[in-house]
Structures are given as C-alpha cells and as structure tokens.
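Colleague: I should be grateful for a close look at one part of this model, the packing of its helices, and for an account of the side chains that surround it. Please treat the subject as one connected description.

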Amino acid sequence: MVEQTRVTHWINGKPWSGTGERHGEVYDPATGKVRAVVDFASPAEVDAAVGAAAAAFDEWRRTSLTRRTQVLFAFRELLNAHKEEVAALVTAEHGKTLDDALGEVTRGLEVAEFACGIPHLLKGGYSEGVSTRVDVYSIRQPLGVVAIISPFNFPAMVPMWFFPVAIAAGNTVVLKPSEKDPSAALFFADLWAQAGLPDGVFNVVQGDKVAVDRLLEHPDVAAISFVGSTPIARYVYETATRHGKRVQALGGAKNHMVVLPDADLDAAADAAVNAGFGSAGERCMAISVLVVVAPVADDLVARITQRMTGLMVGEGLHPGCQMGPLVTAAHRDKVAGYLEAGIEAGARLVVDGRRHPVDGAPEGFWLGPSLFDQVTPDMSVYADEIFGPVLSVVRVGSYAEAVELVNANPYGNGTAIFTNDGGAARRFQEEVQVGMVGINVPIPVPMAYFSFGGWKASLFGDTHAHGTEGVHFYTRGKVVTSRWPDPSHGGINLGFPTTQG
Ligand code: NAD
C-alpha cells in the first residue's frame, strides 16, 4: 500500500498539478491520526475536469464497441490483480475490516464484468418493412459528460456501480468521491490509464459541497448519479433536474428485518448480528430495526445478545477482527448520542457498545455494538437513520402489524423476512413497499446484472443503479425510420466499366 500525504484531483489522464486553496483531512479511523490531506476543488478546477471530459467525449463515443470492450476487459483484469491494494486503501481510510473491504471491491468488480457485455446490452431493435420499403430501428446513444457523487461508506463499490457502465456506453465521467476516503478513486483512475482509456474519459475531482454544486449546475454535465444521505439526495435531485439534467439520487435507509414466530431463530440471530454490525452499521443495506412477532422476541433477543458478546472489535487490518471503528470522531459521538436518547425515551439498552472491549489504539473512533429492546416508532432511535452499530428491536403482535410498520416508514431501501412459511414470504414480497427484499437473506444486495435501488425517500429519480436500468440511464434512445427506393437505374452500379461501355 502506498502511503499518501496529499490526495488531489485526476484530470485529463494525470494528477492535477495545481495547488488549491481549500483542503480537508483524511483520517485513519483505527488510530485517530490524520493520514492524508485532500484538496477541495474550486469551481474553476471542476470546470477543468468537465472541460477535459467534454473534449474527450466525441472521440470516445465514436470509438468502436470492440475497442471500448477491450479497454473494459483490461480494466477488469487490472482491478482483479490489484484488488487487495484497493481493499487495503479502503480499510485505511474507512476503517472496515479487510475482508469486508475486499468484499466491497469484489461487488464493484462484478459491475465491471457486467459492463464488459456492453455490445449485447446496447443492441437495438429492428422492424423490417413497416411500410413499402420502409424500415424502423432503434439505437441507444451515450449522453455526454456524466458526474458521479459518492458517499464515504463504500468508496470503491459505489463509484463502481456507475462508472464502468457509463464509460462502456460511451460517456465520459467526472467522479466526486467522499472527502472522507478519497484515495480509491485515484487508484481507479490510474488503472483506467493503464488499461488504455484515453485521457479525459475518466476524471476525479476531490472536494465538498463547492465541487458538488458546480457539477449540479454545469451546462456541460448531462447526468448526475448521486449516492448519499436523504437530505442531500433530495437537494441534488431538485437542483440538478432544475438545471435540466437526468438524475438518479440514492438516499438513506432504515432497513427492517421481520422475524416471524416460525423462523429459524439461530439463523435469524446470526443474520441480525452480521447485518446490524458488519461495517459498524455503516451500510445503506444494514439492518437497523428488528421487527419481531412477540412470542419469540425474548428468545431472539437472548440469542443476539449472546452472539454480540463475542464480537471482535478492533483494527480492520487485524486478522479475525469482525468490526472496525466508525469513520470519524464526530460520527462516533453522534451515534453514541443516540444511546442516551434511546434510554431517555424509555427503550431498554440490552447491550451497551460503549463498554465493549476494543483491540486497537485508544485514539481510534471506537464504539462497540449496541442492542435496544422495547423500541417504539416515536423514538429517535427508530425514526432516524443512525448509520452506526445500533440495533433496535420493535415488538409487534402479528405479521400484518409488521408489514404496516415497514410500509409506514419513509425509507424503502432494503428489507428482509425470516420465516419457514413460503406463503408468508411470498405475501411479504408482494405487499412490502421496499425496493430490495430478502427472504431469509438479511442484506439482499442485487447482483450486478440486476439493478440496485430503493423506493420512497431512499431514491429520487426513477432509475436504479447498474443492470439494464444503469445502461438505460446512461443512454438515450433514438428511433430511425428509413425508406430506400428500389434501385432506379436498372441495377447495381459499382462504377466498373460494363461490356456496353
Ligand atoms: P452524505 O450525504 O453526507 O455525502 C454524500 C456525498 O455528498 C459526498 O460526496 C459529500 O461530499 C457530498 N455532500 C455532503 N454534503 C453536501 C451538501 N450539503 N451539498 C452537496 N454535496 C454534499 O453521505 P455520507 O455520510 O457520505 O454517506 C452515508 C449516507 O449515504 C447514508 O445516509 C447512507 O444510507 C447513504 N447511502 C445510500 C446508499 C444507497 O444505495 N441508497 C448507498 C450508500 C450510502
């Protein structure tokens, strides 16, 4: 792993040489120390990146599908060869365990593999002879410069939900990663250059709201793919659509896992611990609410508590570590604040993560896993997206009450049901108002060839990420109606002398 002290932009095929006026600090959450300084792009620097992408677009969109696919395959091979290095960068800046980071890179890699099939995905339709000598056919063409704005919690996977598909479809890209863990984006930029992607097709600007705002209003940006919290997703959607752009803005989540009385309670307890505390709960698909039908609630809470006691919390690089630190001290303190708020509101704090043993430097941003029981929907621990290792149990009287609770929640990213009754599972799948549903699977993240996206306040716009919806998002349709008269000069004339001539 290369230690970096300064993280900057990548514009037109190389690191940006300018020295900006604004910067941020990038921490190693396991030690609490600053590991790098990241440049924050000014509007002029964003303009330079968009300018490079706009200049590269015409040649890239005309580059043959065969050549584009070759570059995609080369990128895929390079990423596969370097995935451990990317994972180590993610662990160093985000804090998640190395295994988890490798899993994230692998999920991103799968999107690159999906994008290698772009020739097939871009095939249009053809209707021959709709009228006399008239044919109609449809084609899909790239949009131009597309911007991707990503969150801190998946610095490798979330950008990769988008850029392989955007680039394969013939667009050029400006990526604005999270300022909290900005280095993976630069690693990708270097891999693209090695893969033979022409300069300017993939650019990275580092920064904060200033950079985002310039992208949202820039006249040469055709589309925005955003992932982050719901208030910012809504702001991005409203601002960018007002500027005439195509937008998909994926927001926050509050994912419920319903446990019916006939469920395998050991499987449900394992799932709750994995999905609640994996990546310290900093996953948009993390389970944060367990909706337990009352007769099995005491039993399930006991099984979860027992599993939580043995969870190894420590530095993500340590073998055997199951949960790392939170991303920043401020975020750790905010999450810890919810423990007090829950107690004050009358929830029962069964396991207090503040007391959990930690294998790591004392200055790290630590908070162990916590479990609340007897949570009700009016409490802030239920209503807010905590985005940390805090699991809440809400007890309900029936399946119907459970579904009503899930459907009343403003978010609709992921949900799961644990049951041995196929009929109940099928009914849940039909009735629940959530975009991604797991049946005895706690984190139902779709494979790359399906599309990822939530409902309600978890997604603004109507197109999900990757899969065929991703291809649709990054292209627009064109339908051609053609009429060719029969040859009128008595035959095909290829310009050669004839026997009469
Ligand atoms: P965030 O909303 O704070 O930041 C996301 C991006 O927006 C970052 O690049 C950030 O620099 C930028 N940004 C932040 N504030 C801004 C502002 N005022 N104006 C313009 N841009 C701004 O989110 P985060 O804390 O980085 O990530 C965690 C959130 O992302 C959680 O809410 C999580 O649920 C969500 N998330 C959702 C999904 C999904 O698929 N729905 C996936 C991953 C994360």
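Modeller: The account below begins with the helix contacts and then turns to a loop residue and the aromatic rings. The model is a predicted one, and the description should be read accordingly.

Helix H3, residues 83–94, and helix H4, residues 98–115, have axes that come within 8 Å and cross at roughly 120°. H3 is therefore oblique to H4. The crossing in which H3 passes H4 is right-handed. On the H3 side, the contact is made by Lys83, Glu84, Val86, Ala87, Ala88, Val90 and Thr91. H4 contributes Leu98, Ala101, Leu102, Glu104 and Val105. Sorted by class, the residues of this contact comprise eight nonpolar, one polar and three charged.

A further helix pair is formed by H8 and H9, the latter spanning residues 230–242. Their axes lie 9 Å apart, and the packing angle is about 35°. Here Lys209, Val212, Asp213 and Leu216 of H8 meet Tyr235, Val236, Thr239 and Ala240 of H9. The contact of H8 with H9 divides into five nonpolar, one polar and two charged residues.

The loop that leads into H8 deserves attention as well. Gln206 lies in this loop, between strand E10 (202–204) and helix H8 (209–217). Its relative accessibility is 0%, so Gln206 counts as buried, the limit for that class being under 20%. Leaving aside residues up to four places away in sequence, Gln206 touches Val7, Thr8, His9, Val38, Asp39, Phe40, Ala41, Lys176, Pro177, Pro182, Leu186 and Ala211. One of these residues, Ala211, falls within the range of H8.

The aromatic rings complete the picture. The structure holds 14 aromatic pairs. In one of them, Tyr126 and Tyr137 have ring centres 5.3 Å apart and planes at 0°, so the pair is stacked; planes under 30 degrees apart meet that criterion. This pair links distant parts of the chain, since Tyr126 belongs to strand E6 (residues 126–131) and Tyr137 to strand E7 (residues 134–142), 11 residues apart. Tyr126 is exposed, at 53% relative accessible area, whereas Tyr137 is partly exposed, at 27%. Elsewhere, Phe75, Phe163, Phe188, Trp192 and Phe202 form one aromatic cluster. Phe202 of that cluster stands at the start of E10, the strand that precedes the loop of Gln206.

Methods: Residues numbered from 1 in each chain as written. Predicted model: local features only at pLDDT ≥ 70, side-chain atom pairs only at ≥ 80, totals over all residues. Heavy atoms only, no water. Phe/Tyr/Trp six-rings, centres within 6.5 Å; stacked < 30°, edge-to-face > 60°. Helix = DSSP H or I, 4+ residues; strand = E, 2+ residues; numbered from the N terminus. Buried < 20%, exposed > 50% of the residue type's maximum accessible area, 1.4 Å probe, protein only. Axes fitted to C-alpha atoms, helices over the stretch in contact; angles between N-to-C directions. Parallel < 35°, antiparallel > 145°, perpendicular 65-115°, else oblique. Left-handed = near helix turned anticlockwise from the far one by under 90°. Contact = heavy atoms within 4.5 Å. Nonpolar A, V, L, I, M, F, W, Y, C, P; charged D, E, K, R; others polar.
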